[in-house]
Amino acid sequence: MKTQTILLFAIIALIPGVSGAATSCSRANLTRCLDSACAINISSNPAARCQYCGTSSAGEPTSGGMRSVSVGTSAKYNISDKDLKKAPTEPSERYAWAAKQCLKKVSGCTVDDVSDVYDELIEQSCKAAGISAEMKSLSKEAAQKRTNSSCAAELNACIIMDTRCGADYSKCKEDADFNKFFAACGVEATGCDEHISSIRDNLIAARDNAIDNAEELLASIVSAYQSARTNLIANTKDQCADNSGRDACIERVCATNMINKCADGFEQERAMATQLCKFHDVACATLK
């Protein structure tokens, strides 16, 4: 819902008289005004804000048409029935339209105030009705019969999301964490009730296998590093024993850094290369 209305709110902000003012904003009055367009029959329909000003995926309002709210609110800040007849029916457009109307009625408020006080209310309305405002579609019927394979695919994709268990199940090592995420996924996978139990067992097995393999992989990596470190130390000690490491360093410095390559008659270059490779002696003394 927020993504759909950002551009519309940006346009509203450019309209003189609705984007800013010197006086303070009464957010309570601003909420009352927005409710007159977005919370029609909210007492009997918790999904009202979601359906009127949230997302078209939430479906049509269950009752009441496009009449305004009057009980418990001040008419001073309500959008009138007459004006509501001009309101768009597409939720994101209606939200932006209501914001424009209410910013004219409630002085001192800005587009940011609208978003701050009302976006969360819309999201709560969507959740109260069991609807996610970010879902692309609510076309699945709860009673729809689903195959085990289609349900398993959907639940697997859901449970391994980064925000849930993760592909390696690292966030679900504890059964309580797995159960929490699986329950949320089960709610979203409509029509899969008869398959839930078997799919859960399979996913638990997949989790245990992933975690076990992850531990084995970590152990093998640690072992490989330990072996490499042991071999490196052993090789270094061998080079210290016969000074082959220092000699190789001197030859390398002569070949790459000395103009005359430490040839006969240029003993000063070899002496300089020997000094540059003194760190071998220091290292070897440490290993003894």
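**Helix 7, helix 8 and two cores**

Modeller: In this predicted model, Glu154, Leu155, Cys158 and Ile159 of helix 7 meet Phe178, Phe181, Phe182, Cys185, Gly186 and Glu188 of helix 8.

Biologist: How many residues of the contact of helix 7 with helix 8 are nonpolar, polar and charged?

Modeller: Seven are nonpolar, one is polar and two are charged. Gly counts as polar and Glu as charged.

Biologist: Why is helix 7 called oblique to helix 8?

Modeller: The axes of helix 7 (residues 148-159) and helix 8 (residues 175-188) cross at roughly 135 degrees and come within 9 Å. Roughly perpendicular covers 65 to 115 degrees, and roughly antiparallel needs over 145. The angle of roughly 135 degrees fits neither class, so helix 7 is oblique to helix 8. The crossing is right-handed.

Biologist: What makes Ser198 partly exposed?

Modeller: Its relative accessible area is 35%. Buried means under 20% and exposed over 50%, so a value in between is called partly exposed. Ser198 sits in helix 9 (residues 196-241).

Biologist: How far apart are Ser198 and Asn148 in sequence and in space?

Modeller: They are 50 residues apart in sequence and 8.9 Å apart in space, C-alpha to C-alpha.

Biologist: Which residues have the most contacts inside the largest nonpolar core?

Modeller: Leu34, Ile79 and Tyr118 do, in a core of 30 residues. Helix 2 (27-38), helix 3 (48-53), helix 5 (91-105) and helix 6 (111-128) each give two or more residues to this core. Apart from this core lies another, of 17 residues, including Phe181 and Phe182.

Definitions and conventions: Residues numbered from 1 in each chain as written. Predicted model: local features only at pLDDT ≥ 70, side-chain atom pairs only at ≥ 80, totals over all residues. Heavy atoms only, no water. Core = buried A, V, L, I, M, F, W, Y, C linked by side-chain atoms within 4.5 Å. Buried < 20%, exposed > 50% of the residue type's maximum accessible area, 1.4 Å probe, protein only. Helix = DSSP H or I, 4+ residues; strand = E, 2+ residues; numbered from the N terminus. Axes fitted to C-alpha atoms, helices over the stretch in contact; angles between N-to-C directions. Parallel < 35°, antiparallel > 145°, perpendicular 65-115°, else oblique. Left-handed = near helix turned anticlockwise from the far one by under 90°. Contact = heavy atoms within 4.5 Å.
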